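I opened this notebook to record how the copies in one assembly are arranged and how they meet. My entries follow the order in which I looked things up.

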There are 4 protein chains.
Amino acid sequence: MQFQSVLDDIAAALAPELGREGKVANYIPALARVPAQQFGIALRTGDGEEAHAGDSTTAFSIQSISKLFALVLALREMGEKLWDHIGREPSGNPFNSLVQLESEQGIPRNPFINAGALAVTDRLVSAMDAKAQMLALLASLCGEPIDIDEEVAASEAATGFRNAALANFMKSFGRLDNDVGKVLDVYFHHCAVRMSCVQLARAACFLSRDGLNPLSDERILTERQARRVNSLMLTCGTYDAAGEFAYRIGLPCKSGVGGGIVAVVPDRLALCVWSPALDHTGNSLLGMKALEMFAAKTGLSIF
Amino acid sequence: MQFQSVLDDIAAALAPELGREGKVANYIPALARVPAQQFGIALRTGDGEEAHAGDSTTAFSIQSISKLFALVLALREMGEKLWDHIGREPSGNPFNSLVQLESEQGIPRNPFINAGALAVTDRLVSAMDAKAQMLALLASLCGEPIDIDEEVAASEAATGFRNAALANFMKSFGRLDNDVGKVLDVYFHHCAVRMSCVQLARAACFLSRDGLNPLSDERILTERQARRVNSLMLTCGTYDAAGEFAYRIGLPCKSGVGGGIVAVVPDRLALCVWSPALDHTGNSLLGMKALEMFAAKTGLSIF
Amino acid sequence: MQFQSVLDDIAAALAPELGREGKVANYIPALARVPAQQFGIALRTGDGEEAHAGDSTTAFSIQSISKLFALVLALREMGEKLWDHIGREPSGNPFNSLVQLESEQGIPRNPFINAGALAVTDRLVSAMDAKAQMLALLASLCGEPIDIDEEVAASEAATGFRNAALANFMKSFGRLDNDVGKVLDVYFHHCAVRMSCVQLARAACFLSRDGLNPLSDERILTERQARRVNSLMLTCGTYDAAGEFAYRIGLPCKSGVGGGIVAVVPDRLALCVWSPALDHTGNSLLGMKALEMFAAKTGLSIF
Amino acid sequence: MQFQSVLDDIAAALAPELGREGKVANYIPALARVPAQQFGIALRTGDGEEAHAGDSTTAFSIQSISKLFALVLALREMGEKLWDHIGREPSGNPFNSLVQLESEQGIPRNPFINAGALAVTDRLVSAMDAKAQMLALLASLCGEPIDIDEEVAASEAATGFRNAALANFMKSFGRLDNDVGKVLDVYFHHCAVRMSCVQLARAACFLSRDGLNPLSDERILTERQARRVNSLMLTCGTYDAAGEFAYRIGLPCKSGVGGGIVAVVPDRLALCVWSPALDHTGNSLLGMKALEMFAAKTGLSIF
């Protein structure tokens, strides 16, 4: 398939819509000042073909997309034991809700809501230097060094009262092993990783290759684990819009409030789109449109 | 692939477990007296191959699997307008919960929870003789007449206070167009349809054929609609266990408390398993195991 | 104390505000067409003094004030056994909410929310001709016949989907002994009783007389029961505004969406105010103001 | 009335029950090691009569009873402005629930649930040296110095993850003006005040004297404020058991998990009971019994 021309077509079709709708995340200054009129798209196939268009090499804050890689680190470390106190079901509630956590005794519904990612981070903190390992994993997948935007991490920490509430709440149920402050610090740093569409398409590509690193063929996850991560992305990866993504796009996706969305076509390719303006569900508005166009143009869908 | 031997292997492997765990639905006598020690499995590929094993021709109460076919009838009738007051997101709450319905003003989360299916039934009641059309659709898909267990329908009606609460609750928000009693009557009759694994595998096969009836090549749904129904099954089709099904099985499924589960492998085949003993999520315990074995043995998964 | 002049002063002070704020209940035509510009107030002391002002002899729909007398009938019949499956705590949720009922297994929080009143009605239906007994009780307390507005009762029944949802929901938990339709019918008829301020002040007067009928000295409730009914009115009698009533007025009250509010000053008197325009909590806007003025002018408060 | 003999009778009647039922609060060591077999009771009338029995001069951790005095400090400072972002309604949910806080945008239901007391503390922190002022107020009411158990305060801080969650949650809604850590520190110190029954009966006595300090006749609150504090105690003062207290005891009360309960008979007296073993609602089991006996023996009730 001529992926480059598909991506070019999508970028061209969306160009007139840049910055017209949606709203850039503004809860911290470093995100609020990102210009809305940007759009990038990149993909990498399982056999190494790459294509990209638009602002595809501009680094942005990956935010919740880091939850995907934190999950991968934790599954590598702990395997299925990870699920002892973390669920795998869609939450049906806002990503930062405390309600469900209360009725379910501090056990988060899945690793992609904030509470679940904090629980995953807690496990990482117990087992490794979690900031360094995150960067090492991403670098090994992208073939180039990845860094953290310390300004973003500091802003997240200074304003992250809701996450502090979630972490303290889980701690009150005995669901975190480590110091709340330490867990939050690592979590905020993971959210503050910055990467481009090209880098993220590479970094997610192993999920379309049954778990094998596309650069080195090193095994990142077992085939079964890779497929299961894809299934979690599909059912839980896009905040409150998982059903909508499955319905309209039909691919496992993980989004972040920085405006990025990573998508996987199992056994074929990984894809990353980015555009900072978000819809009311916190997902990139043009990112979703781009993915819907991609699915329609290529016929690639898991359903 | 040698599907017949795969199904034979699964049936043989599960034979020692029949009736050992789980609990047959007992809220109405007609379901409670179904012997637990039964297991059937059947599939039909898109190009017409069939295979089956165990009690695969025994008719059982399809219960919530009828929600799948009610949705199909409604999508044929109304297209995307169906979604005006029915959501497409996983609910994260029990299938018969009223809580979410209250906070969301009587709009059900998706067509596969009870509230959503009642809303779908309401639309059918407005547009057609919904009992007759349900049976006609199923007969056209199976190639043989299908009927309703009137004893089950009557029992459902006599004990269906929770469903009556849901329907009255939606009516109080102005979300049902028709008389509550009429909607409930049709809903209970749809739940009381009886079919075998072989029949259900045939009936669902069009979902693996981009919407084409496997017997007549008549178009039941558009390709896009068929794929979207599959996506709804994956995210919402198995009560509170959608995430677990996606994680362990990786196929779109729709289950019922009669112990049946229909699964679809897009572009390949449809499958039905049945065993009456349920787990705590209301899904067939051995049915889930059988599907997990099937996915593992065949490598068929959408992820 | 010169109660007549107190009531005259209140009526005069509120006259300019009649119909200026608030909204008459409009969910059924018979309530919607009640002119907003009406205000009545009446009291009866324990030793038989009466005073009244404004539209104090105009009959209005007592609505939820009937819950008070249904509770009295049930306490007389069953004593403390009434509380087996009905709570006595404030609900903290809207009066017609189903949420709490779900988490608390169909046991209503208190007898003054709709669910609780339906449960009380269910017990009455088991024990007596509940419509006739309600009218007989009220007549014996007022010294004159009381009747039911059948148009209101019929309208309530025709539009009472939320109450039907509540009743079916409790029935689904096994919390109602009688047929749902029968319970609803009696409940709607109780709500449709019509009385004037003068009549209601008399009818509630026994609660300020340790349970003795002011006309006959017949014992309606034991002293302890009467005091406990007063305490339930204070903590649960005014929908979501029980705290506000206690804070601003400091008297046990029971209100209805017809615009009436009954208040009790233990060991002194009972009082009824009526004005049809409601505030956002469903309580009579001028009724609350009148009670606040009464408490301020007389210094009568339980605190 | 012979209050001394009433208290003696109550102490004698309850002696055989000491330590038989209930459970001492055990979430921190300093509370867990308090011997269960203790009971004290004390009262002070508006005109200065005192009576006490049992362990009435043993100091205990006042815990949530401090919320009463924090409220008094805040009302003195801010008057009705205090209610700008704090409600006055019973919560219907556990005292440390985050659920309602989420649906109500971080505004706590009332000043006696933990969230509400944290909000009150936040206002105090803005206006005064809140630890010193609390001790000064209590000393002026008791006529002797009062201190804080620093071990308890430190333990509360070390284990108070739920309160940290509540405070961070409110902060995330912009409902706290001060640093979360500072607010928590003051809150934990207020909870760790230790006083005896005799001291607390004196300290609460102004609430039965229309707001006048019983020792100095200094005005602590206006009459209206004092009555309103009493109403808040009645509707919200005893965790989830406010309705039960009103029903069985009929007096405004404020309880703490240290096992103390303060009660007020408006225009008559204030009373304090203490016994460390708690019932499932977190209120002193024998304390409630003692209050019920007191109300029955004296006929003192507000209803």
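The entries below cover confidence, symmetry and one contact between chains.

**Entry 1. Confidence.** I noted at the outset that this is a predicted model. I then looked up the scores for chain A and found an average pLDDT of 96, with 100% of the residues at 70 or above. For the complex, the predictor reports an ipTM of 0.94 and a pTM of 0.94.

**Entry 2. Chains A and B.** I asked what turn lays chain A on chain B. The turn is 180°, the shift along the axis is 0.0 Å, and the RMSD is 0.0 Å. I recorded this as the relation of a two-fold axis. I next asked which residue of chain A comes closest to the rotation axis. That residue is A:G92, whose C-alpha lies at 2.2 Å. Of the interface residues of chain A, 100% are also interface residues in chain B, so these copies meet through the same surface.

**Entry 3. Chains D and A.** I repeated the superposition for chain D on chain A and again wrote down a turn of 180°, a shift of 0.0 Å along the axis and an RMSD of 0.0 Å. In chain D, the C-alpha of D:A165 is nearest this axis, at 2.0 Å. The same surface serves both copies here, as 100% of the contact residues of chain D recur in chain A.

**Entry 4. Extent of the D–A contact.** I looked up the residues involved and found 14 from chain D and 14 from chain A. Between them the two chains bury about 1,300 Å², and 67% of that is on carbon and sulfur atoms. On the side of chain D, the most area is lost by D:E102, D:F161 and D:R162, which together account for 40% of what that side buries.

**Entry 5. Pairs across the D–A interface.** I asked how many salt bridges the rule finds across the interface of chain D and chain A. The count is zero. For polar contact, the rule finds four residue pairs across this interface, both residues of each at pLDDT 80 or more.

**Entry 6. Elements and composition.** I traced the side of chain D that touches chain A to its helices: α4 (99-103) and α8 (161-172) of chain D each supply at least two residues. The largest share, eight residues, comes from α8(D). By class, I recorded eight nonpolar, three polar and three charged residues on this side of chain D.

Terms used:
Residues numbered from 1 in each chain as written. Chains lettered and ligands numbered in written order. Predicted model: local features only at pLDDT ≥ 70, side-chain atom pairs only at ≥ 80, totals over all residues. Heavy atoms only, no water. Least-squares fit on C-alpha atoms with pLDDT ≥ 70 in both. Contact = heavy atoms within 4.5 Å. pLDDT = per-residue confidence, 0-100. Buried area = accessible area lost by both parts, 1.4 Å probe. Salt bridge = Lys/Arg side-chain N within 4 Å of Asp/Glu carboxyl O. Polar contact = N/O pair within 3.5 Å; in protein donor to acceptor, adjacent residues only side chain to side chain. Helix = DSSP H or I, 4+ residues; strand = E, 2+ residues; numbered from the N terminus. Nonpolar A, V, L, I, M, F, W, Y, C, P; charged D, E, K, R; others polar.
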